[in-house]
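The exercises below are meant to be worked through with the sequence and the coordinates side by side. Each task is followed by a solution that proceeds step by step.

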Amino acid sequence: MSQSPASNLPATDTEDSFVRSAGRQLLLYTLATVVALGGLMFLLDALAGLVGSNSGNTSAVEVESNMITISLSDEPPQLDSGQGADQISGMVLGHIMEGLIIRDAHSNLVPGVAESWQINEQDATFQLRKDARWSDGQPVTAHDFVFAWRKAADPAQASEYAFLMYNLKNGEAVSKGEMPLEALGVEAADDHTLHVELERPTAFFDKLVAFQTYYPIREDFFLSTNGRYGADAHEMLYNGRFKLTSWVHGASMMMEKNEHYWNKDDVRLDAIKVGYITRDGHSRFNFFKDNKIAYAQLQAEQLSSAMENRFHIQRYQDGSLFYLEFNHREGHVTRNWHLRRAMQLVTDAGELVNKVTKLPGYLPGRSLFPVYLRGVHGTFREEFPAPEPELDPKLALQHLAQARQELGVETIPPLTLLIGDTPLSKSQAEYFQSVYQEKLGLQIKIDAQIFKQRLDKMSRGDFDIVMAGWGPDYDDALTFGDLFASWNLNNHGQWGNQEYDRMVAIAQNSIDQPQRMAAFARMQELIHDEVVILPHYERGNSYVTHPQLKGMVRRAVGADPDLRYAYIDASAP
């Protein structure tokens, strides 16, 4: 998701992940707080950001009712799997919905609704299990996948993830309105056989169909909601391990074990309660200390307290990359390459990580492609090193002078920096504001917005620069590479480059890994040389868990945190 995006939208605590994304929970700076996908926001004022629930005296772990209580940084904007692009939605959807293929507790791809499948260069066939059921007891059929995939590709839906359907035959033409929905390369041969025609050989198609955009939706129920599908608990059907039984907007949610789930005996928790929705990381840590929630992400200043209390501290890399994204639309001065180059030459990702963010596990951003992505034999970045960072304030001033000349101005007008309203986002924005003023004399106006408003402004291009991020939707470098293709709706700055698009096409169409990796290497060069973004950091997270909560999975790809395999160990202290 996101990811914002996001799967892993793409985007936990100190900046709960938002957008992955997908992978991609869009993972966006603005969303960097509790439930990773990958996202998300915590408020400077704890009371302003805190929204209580009807949780009463609910404990973090209730052995008798076999329930745990958690918190989210924000509620999902909506839970239509074909529309979701943020990581909070991706996290919730991962618990209440299930695709053809799923990830197990060890992140391996295993059967979900499909009990078997065969993927070839030109097509794929999935055999659905006959005991898969919706939460109303009706069977999940191949027709439900056909409807959902066509809906995701429907230009009338304007899904930010419509491009994922480009891998299906006629997918791009359908999503652009050039062909009817029925032309999309997916059909139900019968109730339990789904046949897919591929537009091109897709080496990662099994990983792709595990993403939320490929979840099923039942047509008759969708139509009965009159456009409100996914807006409330009663306006959805569920085929996952849990079902959403309550959603008090802005306050709480309740996910209960789905008695119609085909593998219900493997579900060990009876309920997951979202008892609190708050953007304030300090409040969440206090909830954890007070035994009100079962886990919490840690901010830098909370590490010493966690150690003093002898809490069980764990760490992981969530796969997310954060960066400044420029607006390349007509009318924005950030369209000028010399201006962007000047800013690149004074941006020090290492200083940002070590002196401003100051969180364990963070790596300075060097590339669009994070360090963990696989290459041909090793990692991609081992085989194709990222460009070396450049810091040259004198050369930056020369580029700035050239920018003023080309723009025909004596002074660059103030630039609007769109950010989330979290304390970390604000501190980072103030750092950039100071750097660009001191080194280049640029005025930066900070536009801090809450989650939904920030997403809306990004989509409309209402910014000069935006603090953004992306997390993987699936386990392949393309989940980052195609982000800046000219046709990708998550390319909010609308940068376009024909050579870049050609490289994306090679990575999409080829099953030759060396050829694909060479294409990604060229993408890496273009992103740096054209100054499309300024990478800042790859996020690492530290978190604490209740000693009786076992089996929680943290992931770079997929719902995060993943509580589908969690259980309560009543014997633990």
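**Exercise 1. Backbone angles in loops**

In which loop, between which two strands, does Asn66 lie? Establish its surroundings, and then treat Asn226 and the peptide bond before Pro561 in a similar manner.

*Solution.* Bear in mind throughout that this is a predicted model. Asn66 is located in the loop that runs between strand 2 (61-62) and strand 3 (67-72). Its phi is positive, at about 55 degrees, although the residue is not a glycine. As background, most residues other than glycine have a negative phi, and most peptide bonds are trans. Asn66 has a relative accessibility of 16%, and therefore counts as buried, the cut-off being under 20%.

The next step concerns Asn226, which sits in the loop between helix 6 (219-224) and strand 10. Its phi is likewise positive, near 55 degrees, but Asn226 has a relative accessible area of 71% and is therefore exposed.

The last step turns to the peptide bond between Asp560 and Pro561, which is cis, with omega at about -5 degrees. Pro561 belongs to the loop between strand 20 (549-550) and strand 21 (567-568).

**Exercise 2. Geometry of aromatic pairs**

Classify the ring pair of Phe205 and Tyr214 as stacked or edge-to-face, and do the same for Phe432 and Tyr436.

*Solution.* A pair of aromatic rings is described by the distance of the centres and the angle of the planes. The structure contains 28 aromatic pairs. For Phe205 and Tyr214, the ring centres are 6.2 Å apart and the planes meet at 85 degrees, so this pair is edge-to-face. Phe205 is buried, at 0% relative accessibility, and Tyr214 is buried with a relative accessible area of 0%.

In the pair of Phe432 and Tyr436, the centres are 6.1 Å apart and the planes are at 10 degrees, so the rings are stacked. Phe432 and Tyr436 are four residues apart in helix 13 (residues 423-440), and are therefore separated by about one helical turn. Phe432 is buried with a relative accessible area of 1%, and Tyr436 is buried with a relative accessible area of 1%.

To finish, look beyond these pairs: ring pairs connect Tyr161, Phe163, Tyr166, Phe211, Trp470 and Trp487 into a cluster. Aromatic faces also meet charged side chains, for Arg129 lies over the face of Trp262 at 3.5 Å from the ring centre, while Arg554 lies over the face of Tyr543 at 4.6 Å from the ring centre.

**Exercise 3. The nonpolar cores**

Which residues have the most contacts inside the largest nonpolar core, and which helix gives the most to this core?

*Solution.* The largest nonpolar core comprises 113 residues, and those with the most contacts inside it are Phe126, Trp149 and Leu194. Helix 3 (residues 142-153) gives the most to this core, with eight residues. Leaving aside residues up to four places away in sequence, the contacts of Trp149 include Leu100, Met165, Leu184, Leu194, Val209 and Tyr214.

A second, separate core has 35 residues, among them Ala396, Ile419, Phe432 and Tyr436. Ile419 lies in strand 16 (residues 415-420) and is buried at 0% relative accessibility. The C-alpha atom of Ile419 is 10.0 Å from that of Leu455, a residue 36 residues apart from it along the chain.

**Exercise 4. Covered helices and a hairpin**

How many residues of helix 9 are buried, and what contact is made at the start of helix 9? Then examine Ser175 and the hairpin of strand 10 and strand 11.

*Solution.* Seven of the eight residues of helix 9 (residues 337-344) are buried, so that the helix is mostly covered; these include Arg340, Arg341 and Met343. At the start of helix 9, a side-chain oxygen of Asn336 comes to within 3.0 Å of the backbone nitrogen of His338.

Ser175, in helix 4 (residues 171-175), is buried at 12% relative accessibility. The side chain of Ser175 reaches the backbone oxygen of Glu172 at 2.9 Å.

For the hairpin, strand 10 (residues 242-248) and strand 11 (residues 252-257) pair in the antiparallel sense over six bridges, with Phe242 standing opposite Lys257. Three residues lie between the strands of this hairpin, where Gly250 takes a positive phi near 80 degrees.

Definitions and conventions. Residues are numbered from 1 along each chain as its sequence is written. This is a predicted model: local features need pLDDT of at least 70, side-chain atom pairs count only at pLDDT 80 or more; totals for chains, interfaces and linings use all residues. Side-chain values use heavy atoms; hydrogens and water are left out. Rings of Phe, Tyr and Trp (its six-membered ring) pair if their centres lie within 6.5 Å; planes under 30 degrees apart count as stacked, over 60 as edge-to-face and the rest as tilted. Buried means under 20% relative accessible area, exposed over 50%, partly exposed in between (1.4 Å probe, protein chains only). A charge sits over a ring if NZ of Lys or CZ of Arg is within 6 Å of the ring centre and within 35 degrees of the ring normal. A polar contact is a pair of N or O atoms within 3.5 Å; within protein, one must be able to donate a hydrogen and the other to accept it, and residues adjacent in sequence count only if both atoms are side-chain atoms. A nonpolar core is a set of buried Ala, Val, Leu, Ile, Met, Phe, Trp, Tyr and Cys residues joined through side-chain atoms within 4.5 Å. Contact means heavy atoms within 4.5 Å. Two strands pair if DSSP finds at least two bridges between them.
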